[in-house]
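Please open the model in your viewer, with selection by residue number switched on, and follow the stops below in order.

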Amino acid sequence: GRVAPSPGTSYSFALKFASCTGVGKKWTRPTGYDTGLKTYNSLTKQKEPLVLAQEGIATWYSCGPTVYDHAHLGHACSYVRFDIIQRILSRVFGINVIHVMVITDIDDKIIRRALEKSISPTILARMYEEEFKNDMLALKVLPPAVYLRVTENIPQIVAFIEGIIRNEHAYATKQGDVYFDIGSIGDRYGKLMGAGDAAGEPGDTEKRDSRDFALWKASKPQEPSWESPWGKGRPGWHIECSTIASSVFGSQLDIHSGGVDLAFPHHENEIAQCEAYHQCGQWGNYFLHSGHLHLKGSAEKMSKSLNNYITIKVNAGTSYQESHMHSQFIETLLPFSFLMTALSGWYIHGHILHKVGHLFMFNCRRSG
Ligand SMILES: [Zn+2]
């Protein structure tokens, strides 16, 4: 494999990370330290022995929130579940889990919301990032070893994109966008979720293939932007994760986690980018996906777009949020009086979220 990218990175762990291995599309069982545990791996759609590259250490990357709005209980469900798995690995099996999470603090939704509210995207993002961290604390989710922000890793992202272009897996357009060239990796695209519908991202006629996705987007006037060899712009969504995971862990990763809704295209594209950059066949060894949260009796997942969500707000000082949350709970959960009784009991005592993890154990289920 190639040398890991670390242009200007100030964070580093005093560890030697393994190199990305594997050839072709098929999953190869990693070599290294067999934990004796098994985990469901989305890459193979079955349980596999959990083999870590190094004894006693699990390198773990997770996609964090896009901080443009309140996190809801569906998000909480995902973070609580992975927290439980990490605690089991570390406390029961003595594995040192090195968990890195990225905060997406620049993207279309953030820019749009900031415009609506007439505040800067940075202020909006910091506000919801702070709230997210507080929510996680309230949920007793252990924080990652490090939170990293996209906007503080732009030079690394630019260097990563340059590397992919150098390896002839990406191309720049006259408009100043850069796209990943899916055709250049042949049938290796789709190793996680299949090649998907060939729709891809809308728009640019300069794309070689409709499935090609943006690594770098030329900025429109008024949008936040950074200098790059392709002109002013900002990173595409997927590239941040590939870059930051590689900056910290090098060309190989033990475990990657996220919500199941991120599997395609986000994780699929992360894999394509990393393997194109590192010139290897298996960057991430295990992909763990958390299912959607379903309210009891509902076939629908909890989501912002379905408007059936409950936020995590628990800050006792903010009466508006509290009453807001209370009314949301009442509206949503009244049909299930037994649940309501339990919930309101916890709620009145002000520590619903100490117990909510237990609730999730029964209410989270795999889907998709
Ligand atoms: Zn990601």
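**The zinc site**

Begin by selecting the zinc ion, which is coordinated by C63 (SG), C241 (SG), H266 (NE2) and E270 (OE), at 2.0 to 2.2 Å; donors here are N, O and S atoms within 2.8 Å of the metal (3.2 Å for Na, K and Ca), and since water is not among the atoms, sites may look incomplete. This is a predicted model, in which local features need pLDDT of at least 70 and side-chain atom pairs count only at pLDDT 80 or more, while totals for chains, interfaces and linings use all residues. Residues are numbered from 1 along each chain as its sequence is written, and side-chain values use heavy atoms, with hydrogens and water left out.

What geometry do the 4 donor atoms of the zinc ion give the site? The angles among them run from 83 to 130°, and the site is irregular, where four donors would count as tetrahedral if all angles lay between 85 and 135 degrees, four as square planar and six as octahedral if opposite donors were over 155 degrees apart and all others between 65 and 115, and anything else is irregular. As a reference, ideal angles at a metal are 109.5 degrees for four tetrahedral donors, and 90 or 180 degrees for six octahedral ones.

Along the sequence, the donor residues of the zinc ion follow the spacing C-x177-C-x24-H-x3-E. Colour C63 and E270 next, a pair that links distant parts of the chain, with C63 in strand β3 (residues 57–66) and E270 in helix α6 (residues 263–278), 207 residues apart; helices (H or I, at least four residues) and strands (E, at least two) are DSSP runs, numbered from the N terminus. Both C63 and E270 are buried, a label for under 20% relative accessible area, with exposed meaning over 50% and partly exposed in between (1.4 Å probe, protein chains only).

**Helices α5 and α6**

Now show helix α5 (residues 239–249) together with α6: the two pack at an angle of about 50°, with their axes 8 Å apart, the axes being lines fitted to C-alpha atoms, for helices over the stretch in contact, and the angles running from 0 to 180 degrees between N-to-C directions. That angle makes α5 oblique to α6, given that angles under 35 degrees count as roughly parallel, over 145 as roughly antiparallel, 65 to 115 as roughly perpendicular and the rest as oblique. The contact (heavy atoms within 4.5 Å) is made by I239, C241, S242 and S246 of α5 and by H266, E270, Q273, C274 and H278 of α6.

Centre on S242, which sits in helix α5 and is buried, with a relative accessible area of 0%. Not counting residues up to four places away in sequence, S242 touches F160, E270, Q273 and C274. Then move to P265, which is found in helix α6; the peptide bond from F264 to P265 is cis, with omega near 0°.

**Helices α2 and α3**

Select helix α2 (residues 108–117) and helix α3 (residues 121–138), which pack at an angle of about 105°, with their axes 9 Å apart, and are therefore roughly perpendicular to each other. The residues in contact are I110, R113, A114 and K117 of α2 and P121, L124 and Y128 of α3.

**Two strand residues**

L288 is found in strand β11 (residues 284–290) and is buried, with a relative accessible area of 9%. Among the residues that L288 touches, not counting those up to four places away in sequence, are T39, W60, F82 and H256. Turn next to I98 in strand β4 (residues 96–104), which counts as buried at 6% relative accessibility; its C-alpha atom and that of Y61, 37 residues apart along the chain, are separated by 8.2 Å.

**Two loops**

Which backbone angle of K45 deserves a look? K45 has a positive phi of about 60° although it is not a glycine, and K45 lies in the loop between β1 (33–41) and β2 (46–52), where it counts as partly exposed at 45% relative accessibility. For Q222, another residue other than glycine, phi is positive and near 80°; Q222 lies in the loop between β8 (214–218) and β9 (233–235) and is exposed, with a relative accessible area of 83%.

**The whole chain**

Finally, zoom out to the protein chain, whose secondary structure comes to 9 helices and 11 strands, and of whose 368 residues 52% count as buried.
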